[in-house]
Each structure stands twice: as structure tokens, then as C-alpha cells.
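Student: Could you take me through how features are read from a model, beginning with the cysteines and going on to the ligand?

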Amino acid sequence: MRKLKIAIQKSGRLNEDSLQLLKECGVSIDNGVDKLKASASNFPLEVFYLRNSDIPQYLIDGVVDIAIIGENTIIEKHPSLEVIEYLGFSKCRLSIATPKGLNYKSIKELNGKRIATSYPNTLKQFLTTNNVNAEIHEISGSVEIAPNIGLADAICDLVSSGSTLFKNGLEEQDIILKSEACVSISPLIGEEERKILDKLLFRIKSVLKARSSKYILMNVPNDKIEAISNILPVLKSPTVLPLAEEGWSSLHSVIEENKFWEVIDQLKENGAEGILVIPIEKMVL
Ligand code: AMP
């Protein structure tokens, strides 16, 4: 039986979240810490644990069919690769940073300067677009120490919370790109594997949708049901169940988490009480 071959990071930031996503999709695999390969016991999937920076080439060569990878790595290594789903974790930005206190106004200030980075291709493209002629120093790790040891005047590196820059006395200046984990696909994927991929993607979308949605319950006076239903940016129409107490109902619905805080005051003003917000495990639409 054919199996879909998926690459995930062997170690590093994406590893844990990628495995968690597969687990929430109901796919059981060995955790495979020291292994290159593992098979799922209940889904036609073979997991390859690979070095992050090698994954784009494996996709190009068709060694794996799909990968969970940071979009920043795709853009740096093989921008022609297709992203078929964004996964919402490992969010970061690739930014230019300079030592604090520098009167930096624009990227033009880096003309003739040295910039250390692990992202030479993306940086080069950005400098060319902005007509800046700077020297690129490619280093593979600990980029943030380069200005302190006199190796570079600025850096171009991934920033998430910004604490690494802060600890090293650096200031974020220009954001070159924003990135998050995504599913990328090999241009050589076969027909059978594509069918398995469709099934996996269906599960992934259900998990992602559930993560960003909440089940909401509240008690509302009967004469406010319509007003409150109109406030809720609900999936369909809310469920309304009578309460034992005369004149009151329980209203149930699904709401996007980021919309909830926008409407909470309006719900209370319209007489909603006992509002409960509950996580959803899976959501099939
Ligand atoms: P932070 O201190 O949270 O801003 O993280 C910055 C450090 O973590 C830098 O060394 C980055 O290279 C690395 N980093 C941040 N986000 C990511 C990411 N999504 N993927 C890989 N490395 C990252």
C-alpha cells in the first residue's frame, strides 16, 4: 500500500508542534527521537525526521511528498516550492537589526556596511530591491553576537519575542518577511499520494478550525434572544434551549476566538449572563 511521505524537523522549534498537530489529526506515530523514519500505525503516512535546511531540497527531488516547515526556509532555499496550508504556529519575522542607539532611518544606511545572516538569499533579494550595496556575511548560528564581536555592523535574523535581540543590545529595524509553519508540497508528488494528502489536509483543517474557535453558552432573557443572536458572529444560527426558570433560555453557539472579546460587552449590555467559553477539539464543516 502506498504511503504519503512527510518531512518534519528532526529537532528545533517546529518539531514538537508538528508532532502535536499530527497527533491531533488522529495519526499515531513513534516519537522517533533518534530515528530518521517512522511509520504511522493507523494512517498511510511515513514520517521522515530531517534537518530543517535540507527539507526544501528533499521536496524538490521528490524524496518526500510534503513537509511541515517554516515558510522562511522555503523562501530562502527554494522559493518556487508551493505552500498549500499555513499552520498558525512558529510565527516569526526575518528582520534587520542594528546595535541600539544608532540613528537608523532606513535600509540605505547599510550601504557599504557588513550584515551577518543565515538567510543570505532572502537578504540579497531585499538589498537588491532597495538598491543597497552591503556585504553579506553568511554564518550558520548565533548571528546576534556578530555586531558585538566586530564581525558585522548589522544582522538579518529571525525574531520571535525579540528577547534575543534585546539581550544582545540590538534593535529591530526593518521587517523583511513574516513567516509561520506551513505545509509545502513536492512538485513530484504522485496521484495516489495526493489522495492521501487530501485526507490528511481535511483533518489538519478541522484541527486548525477547532483551535481558533470556541463553543459559547450563555443564559439570556427570552425577549433578548434575537438581539443577542444578531450580535454573535456565529457559524450558523445559535441553538436556543429553554431554562427551568420561566422567561430565560440557554443560547449555544460557536464563535471565532478573536471575535469573542469584540462582542463580550455588547452581550452583557443585552442581558446575557453566565457566559461560558469552552474549547473545541475538532471541527468538521
Ligand atoms: P526570540 O528571542 O524569541 O526573538 O527568538 C530569536 C531566536 O530564535 C533567534 O536566534 C532566531 O534565529 C530563533 N528563532 C525565532 N523564531 C524562529 C522560528 N520560527 N524558527 C526558527 N528559529 C527561530
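Student: How many disulfides are there?

Tutor: A disulfide is a pair of cysteine sulfur atoms within 2.5 Å, and by this rule the count comes to 0 disulfides. This is a predicted model, in which local features need pLDDT of at least 70 and side-chain atom pairs count only at pLDDT 80 or more, while totals for chains, interfaces and linings use all residues. Residues are numbered from 1 along each chain as its sequence is written, and side-chain values use heavy atoms, with hydrogens and water left out.

Student: Why is C25 not in a bond?

Tutor: Because the closest cysteine sulfur, in C182, is 15 Å from the sulfur of C25, the two are too far apart for a bond. C182 is likewise in no disulfide, the nearest cysteine sulfur, that of C92, being 11 Å away.

Student: Is C182 buried or exposed?

Tutor: Buried means under 20% relative accessible area, exposed over 50%, and partly exposed in between (1.4 Å probe, protein chains only); C182 is buried, with a relative accessible area of 0%, and C25 counts as buried at 4%.

Student: Which polar contacts does the ligand have with S160 and T164?

Tutor: A polar contact here is a pair of N or O atoms within 3.5 Å. A backbone N or O atom of S160 lies 2.8 Å from an oxygen atom of the ligand, and a polar side-chain atom of T164 lies 2.5 Å from a ligand oxygen atom. Taken alone the ligand exposes 490 Å², of which the protein buries 79%, with accessible areas from the Shrake-Rupley method with a 1.4 Å probe.

Notes. A polar contact is a pair of N or O atoms within 3.5 Å; within protein, one must be able to donate a hydrogen and the other to accept it, and residues adjacent in sequence count only if both atoms are side-chain atoms.
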